[in-house]
Amino acid sequence: MHRPSYFRIAALFIFFVGFLTRFIDLDGVSLWYDEAVTRAIVRQDSLGNVYDLLLNDPTHLPLYFSMLQPLHPESDFVLRLPNVLIGLLSIALLMRVAISLYHDYKLALLAGGLLAVNPYSIWLARTARPNALLLLVVLMASYSFFQILRGKRTWLHWVSFILSSMAAYTTHYYAAALPLAQYILFALTLRGNRRFFWQWIGAQLIAVSPLFLWWYGLTTQDAVALGIGWIPEPAVKDLGLTFWNMTVGYEGDVAWYEWLGVLAAALGVGVGLYHALRSWRDNLVDFYWFCMMIPPLLLIFAVSYVRPLYVDRYFMFALPGLLFLMLRGWQVSGTAGRFAPALFSLVCAASFLVSFANKDHLHQDWRGVVEYIQQHRQPDDALMVGDDLMLIPFYTYFEGEIPVVLFDDGPEESMEHLWLVYQDGYSDIHRQGTFPGFDYTKLPPEMRAWVESQEITLQKQFTGVMLIGVKLNDKP
């Protein structure tokens with residue numbers, strides 16, 4: 001397999017584009033609640049303290065936070081930077097996987113280019129959460145699996161497979177897509193190779209052992225609570241919106257040109273899925289990407305009718321399969337397939353640039369809320385919140401001291417003016433960015449009634465957060 005002379009230059013250009021889309025203005029928008037939680041966790045003095053916090057919240061697995069804790073990040077930039085670097089490594093590894101599995105340098109460049117401008121991947125690589133890491137470790141585990149599958153069963157490849165799988169299982173629960181896809185391959189195509197199957201079982205048991213130890217630690221806690229009660233039950237249309245989001249990005253408002261990109265993506269993925277299923281016995285690579293994408297997503301969707309778990313940002317494990325099947329579909333689609341990559345890339349780039357210019361990736365403007373309070377507060381002012389968890393993002397930016405009142409407790413008699421801060425309860429399982437605006441009429445009924453019984457000195461909307469100035473009076 002001869003490497004084209006232009007490959008290195010083209011790969012460097014793709015890497016540069018990926019760097020720009022993920023790095024520029026990295027601290028330009030405020031942390032949102034989940035990122036503030038990440039910061040609060042990783043700024044603990046020791047890994048032991050980090051684990052103590054995580055064991056009280058089973059929605060988080062430890063690897064990502066263990067990697068960030070030594071940085072003890074002070075700024076938004078430093079907190080988000082590791083994900084940017086992880087995103088760049090994912091671009092490089094995706095190209096390496098394409099060369100290894102398909103022996104096609106052109107396909108590798110196209111795959112890397114699509115990932116570099118993919119809005120879904122970009123936003124998650126700019127967010128201090130474990131999702132970007134999930135993409136990297138899934139790629140590493142898949143690459144190692146195929147090296148072993150193709151007969152390279154050396155200790156080096158087995159160790160690489162075990163460690164990368166272990167990293168995936170301690171990053172995100174949805175890394176379970178890996179053993180599911182691999183087991184389907186065994187069940188349908190590799191049933192005659194029992195020795196390899198039991199070797200794989202042994203490797204998986206070793207890889208999953210840290211997760212079992214973590215689960216044991218959870219059982220020793222007095223009480224744990226899953227922080228996923230906000231997730232709504234999905235509808236069939238959500239499958240389409242997920243496809244839209246993972247291809248050209250979704251921020252609520254759909255531009256006309258995005259339809260062109262989605263149609264190009266649908267052509268590639270549709271044809272790619274058809275060929276992956278039609279030739280599954282002879283083409284294990286494409287069939288593996290099918291198994292990494294379709295069965296896990298449909299399983300999560302079905303389970304979500306009992307316990308809602310369907311959220312787009314958790315689906316990074318499926319992105320490599322989507323990109324590879326889309327490219328493979330374009331390869332056999334004739335004239336339309338030759339023009340589709342360029343059209344799709346332009347749509348993705350335009351979608352990202354427009355969203356970036358509009359700061360659509362700003363979830364919640366806690367930085368703006370705190371700056372406003374610090375500029376306008378009086379010495380005796382107090383802060384009121386409905387939930388003490390809201391103090392996590394607030395104190396990410398607040399400097400100094402301010403009396404804090406929980407709404408359920410009510411203000412002290414000596415207090416005259418409060419700043420009521422309320423996080424928008426709106427949730428969207430697709431959008432990566434800005435929440436729609438809201439006002440005090442959307443507050444919980446009891447809180448709204450109390451606010452209306454006082455003198456409102458200020459009502460100011462920030463992205464995802466409402467700030468209300470309240471002058472207390474004698475009304476009940």
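Buried here means under 20% relative accessible area, a cut-off that the close-up views below rely on for the residues of a predicted model.

**Figure 1. Close-up of the salt bridge between D34 and R313.** The side chains of D34 and R313 meet with a nitrogen-to-oxygen distance of 3.6 Å, and this pair belongs to a structure in which a search of the whole model finds seven salt bridges. D34 lies in helix α2 (residues 33–42), whereas R313 sits in the loop between α14 (284–303) and α15 (319–331), so the pair ties together parts that are 279 residues apart in sequence. D34 counts as buried because its relative accessibility is 17%, and R313, at 12% relative accessibility, counts as buried too.

**Figure 2. Close-up of the salt bridge between E74 and R43.** In this pair the closest N and O atoms are 2.8 Å apart. The salt bridge links distant parts of the chain, with E74 in the loop between α4 (63–68) and α5 (76–102) and R43 in the loop between α2 and α3 (47–54), 31 residues apart. E74 counts as exposed, having a relative accessibility of 53%, while R43 is partly exposed, with a relative accessible area of 24%.

**Figure 3. Close-up of the salt bridge between D76 and R367.** The closest N and O atoms of D76 and R367 are 2.5 Å apart. Because D76 belongs to helix α5 and R367 to helix α17 (residues 366–376), the pair ties together parts that are 291 residues apart in sequence. With a relative accessibility of 8%, D76 counts as buried.

**Figure 4. Close-up of the largest nonpolar core, including W289.** In soluble globular proteins, nonpolar side chains tend to be buried together. The largest nonpolar core of this model has 140 residues, and those with the most contacts inside it are W289, F315 and F317. Helix α8 (residues 131–149) gives the most to this core, contributing 14 residues. When its neighbours within four places in sequence are left aside, W289 is in contact with V97, L101, Y102 and S142, and also with P320, G321, F324 and L325.

**Figure 5. Close-up of another nonpolar core, with W450 among its residues.** Apart from the largest core lies this other one, which has 18 residues. Its members include A382 and Y422, together with W450 and M466.

Conventions. Residues are numbered from 1 along each chain as its sequence is written. This is a predicted model: local features need pLDDT of at least 70, side-chain atom pairs count only at pLDDT 80 or more; totals for chains, interfaces and linings use all residues. Side-chain values use heavy atoms; hydrogens and water are left out. A salt bridge is a side-chain nitrogen of Lys or Arg within 4 Å of a carboxyl oxygen of Asp or Glu. Helices (H or I, at least four residues) and strands (E, at least two) are DSSP runs, numbered from the N terminus. Buried means under 20% relative accessible area, exposed over 50%, partly exposed in between (1.4 Å probe, protein chains only). A nonpolar core is a set of buried Ala, Val, Leu, Ile, Met, Phe, Trp, Tyr and Cys residues joined through side-chain atoms within 4.5 Å. Contact means heavy atoms within 4.5 Å.
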